[in-house]
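Let's take a friendly walk along a protein backbone and stop at a few unusual spots. Have the structure open beside you as you read.

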Amino acid sequence: MNQKERMLANLPYKAWLDGLAEERLENKKRIYRYNNIPPENEKEQAELIRRIIGKHGENLVIEPPFHCDYGSNIEVGENFFANYNLTILDVGKVKIGKNAQIAPNVSIYTAGHPVHPDSRNSGYEYGIDITIGDNVWIGGSSVINPGVTIGNNVVIGSGSVVTKDIPDNVIAAGNPCRVIRSITEEDRKYYFKNREFDVEDYR
């Protein structure tokens with residue numbers, strides 16, 4: 001295996017070998033262009049983000065500034081929206097389902113380093129894949145750590161640090177992030193805490 005193959009297999013690898021540094025540089029150029037496109041040039045912006053992200057569905061919107069290592073290791077479903085300052089370290093694969101909503105300043109990190117200083121100083125690092133399900137809302141300034149799986153229909157509260165898997169159909173928050181409660185049918189009629197919708201077309 002070369003170092004890229006090792007990286008994508010979630011094995012220890014050296015990030016400057018076998019063309020990886022050159023791949024990151026090419027992506028940095030694309031990211032720089034994306035983050036500096038005038039906001040009125042929406043068509044150019046939409047075309048470029050589709051070249052950056054490895055696989056995507058319809059309706060892909062990422063508000064600049066946006067940063068990622070490769071882009072090619074990111075897969076998102078249809079109706080993907082991310083607000084300002086999304087950072088994805090995609091040395092491992094990041095797979096996100098349909099109807100994702102990501103608030104500002106969210107960081108998704110597949111990347112990491114060994115804990116022991118001698119091992120860390122060897123230059124080896126790793127990326128462990130992250131999977132996020134359908135219909136997930138990630139609150140602002142949250143951090144998703146390597147190897148995490150977040151289930152379908154989940155809300156992650158703002159400021160959370162997700163270090164372990166989160167099951168389907170729950171609200172989870174905190175540092176470390178933990179399940180607060182299940183999402184139930186009763187939640188359907190509220191738009192914020194105990195405030196009920198005053199319209200009927202939300203259903």
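This report looks at backbone angles in a predicted model.

A little background helps here: most peptide bonds are trans, and most residues other than glycine have a negative phi. The stops below go against those habits.

**Cis peptide bonds**

Start with two prolines. The bond that joins Pro64 and Pro65 is a cis peptide bond, and its omega is about 5°. To find Pro65, look in the loop between strand S1 (60–62) and strand S2 (66–68).

Further along the chain, the peptide bond from Asn175 to Pro176 is also cis, with omega near 0°. Pro176 sits in a loop as well, this time between strand S17 (170–173) and strand S18 (178–182).

**Positive phi values**

Now turn to phi. Asp18 is not a glycine, yet its phi is positive, near 55°. You can find Asp18 in the loop that runs between helix H1 (3–8) and helix H2 (20–35). Asn105 is not a glycine either, and its phi is positive at about 65°. The loop that holds Asn105 lies between strand S7 (101–102) and strand S8 (107–109).

Are these two residues buried or exposed? The answer lies in between: each counts as partly exposed. The table gives their values.

| Residue | Phi | Relative accessible area |
|---|---|---|
| Asp18 | near 55° | 46% |
| Asn105 | about 65° | 36% |

Why do both count as partly exposed? Because 46% for Asp18 and 36% for Asn105 fall between the cut-offs, with buried meaning under 20% and exposed over 50%.

Notes
Residues numbered from 1 in each chain as written. Predicted model: local features only at pLDDT ≥ 70, side-chain atom pairs only at ≥ 80, totals over all residues. Heavy atoms only, no water. Helix = DSSP H or I, 4+ residues; strand = E, 2+ residues; numbered from the N terminus. Buried < 20%, exposed > 50% of the residue type's maximum accessible area, 1.4 Å probe, protein only.
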